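Let's walk through this one together, from the overall layout down to single side chains. Please keep the view open as you read.

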Amino acid sequence: MKQARWFEQGVTLIEMLVVMTLVGLLAAVVAPSVGSGVETVRLRATGERLAATLRMARTRALRTQHYMQVSVDPQSRAVELRDLEGGSVSAWEIPNTIEVQSKRPLTFLVYPDGGSQVMRVGLRNQRGRQVEVASDPFTMFPTVREVSQ
């Protein structure tokens, strides 16, 4: 009988257990950082969506020459864009893992000429990362920036 070469014999149970242990350790180290990355992306996406809602309010106010209102309710997690003269309302909900940094509802008015109050909303995720959605005082263009802790 011919002796089999080492690569034809396959792997031993010990070799398989060593590889499985290494894969398990690697997964245990990588998994938490992937989870925090997902939460950071969700926080940033929520901030971008809020900024887009504020930009849409300005665009609609200019186009329709109506007063527009954007409201953010921390308790119900609702964001509403309301045409105060036309009556239309569009709304969306902030994810449960994101907290609005305010104790009371926030309301921002956009005038028919596109002007508005200074808008500023803080958002925080469960891991403590924060972003701020704020309008530039000169251009009134809302942007999202990360707040250092």
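A residue is called buried here when its relative accessible area is under 20%, exposed when that value is over 50%, and partly exposed in between. By that yardstick Glu132, at 13% relative accessibility, counts as buried, and we will come back to this residue below. Please bear in mind throughout that the model is predicted.

Let's begin with the whole chain. The protein has one helix and eight strands, and along the sequence they follow the pattern α-β-β-β-β-β-β-β-β. Of its 149 residues, 31% count as buried. The protein exposes about 9,800 Å², with carbon and sulfur atoms supplying 59% of that area. If you take the contacts between residues at least 6 apart in sequence, 46% of them join residues at least 24 apart.

Now turn to helix H1, which covers residues 13–64 and includes Leu22. Leu22 counts as exposed because its relative accessible area is 53%. This leucine belongs to a nonpolar surface patch together with Val11, Leu13, Ile14, Met16, Leu17, Val18, Met20 and Leu25, and the patch has about 940 Å² of accessible area in total. Further along, the side chains of Glu48 and Arg44 meet in a salt bridge, at 3.4 Å from N to O. These two residues are four apart in helix H1, so about one helical turn separates them. Both ends of the bridge are partly exposed: Glu48 has a relative accessible area of 33%, and Arg44 one of 34%.

Leaving the helix, you reach Gln65 in the loop between H1 and S1. Its phi is near 60°, a positive value in a residue other than glycine. With a relative accessible area of 46%, Gln65 is partly exposed.

The next stop is a run of hairpins. Strand S1 (residues 68–73) pairs with S2 in the antiparallel sense over six bridges, and in this pairing Val70 stands opposite Leu81 of S2. Four residues lie between the two strands of this hairpin. One of the loop residues, Arg77, also has a positive phi, of about 65°, although it is not a glycine. Arg77 counts as buried, because its relative accessibility is 17%. S2 then pairs with strand S3 (residues 89–93), again in the antiparallel sense, over five bridges, with Arg82 opposite Val89 in S3. Here five residues separate the strands, and Gly87 in the turn has a positive phi of about 90°.

What do the side chains do along strand S2? In a regular strand, side chains alternate between the two faces of the sheet. In S2 (residues 78–83), Val79, Leu81 and Asp83 point to one face and are buried, while Ala78, Glu80 and Arg82 point to the other and are not.

Asp83 deserves a closer look. At 8% relative accessibility, this aspartate counts as buried. Leaving aside residues up to four places away in sequence, Asp83 touches Thr64, His66, Tyr67, Met68 and Ser88. A polar atom of the Asp83 side chain also lies 3.0 Å from the backbone nitrogen of Glu85. In space, Asp83 and Ala61 are 8.2 Å apart from C-alpha to C-alpha, although 22 residues apart in sequence.

Finally, move to the last strands. Phe138 sits in the loop between strand S7 (130–135) and strand S8 (142–147), where its 79% relative accessibility makes it count as exposed. Phe138 and Gly115 are 23 residues apart in sequence, and their C-alpha atoms are 9.9 Å apart.

The structure holds seven salt bridges, and some of them can be found here. The side chains of Arg129 and Glu146 meet in one, at 2.2 Å from N to O. This pair links distant parts of the chain, with Arg129 in the loop between strand S6 (120–125) and S7 and Glu146 in strand S8, 17 residues apart. Glu132 and Arg145 form another, at 3.1 Å. Since Glu132 lies in strand S7 and Arg145 in strand S8, their bridge ties together parts that are 13 residues apart in sequence. Salt bridges with shared partners join Arg120, Glu132 and Arg145 into one network. Within this network, Glu132 is buried at 13%, whereas Arg145 is partly exposed at 44%.

How values were computed: Residues numbered from 1 in each chain as written. Predicted model: local features only at pLDDT ≥ 70, side-chain atom pairs only at ≥ 80, totals over all residues. Heavy atoms only, no water. Patch = residues over 30% accessible without salt bridge, like charges linked within 9 Å, V, L, I, M, F, W, Y side chains within 5 Å. Areas by Shrake-Rupley, 256 points an atom, 1.4 Å probe, with all protein chains shown as cover. Salt bridge = Lys/Arg side-chain N within 4 Å of Asp/Glu carboxyl O. Buried < 20%, exposed > 50% of the residue type's maximum accessible area, 1.4 Å probe, protein only. Pairing = 2+ DSSP bridges. Contact = heavy atoms within 4.5 Å. Polar contact = N/O pair within 3.5 Å; in protein donor to acceptor, adjacent residues only side chain to side chain.
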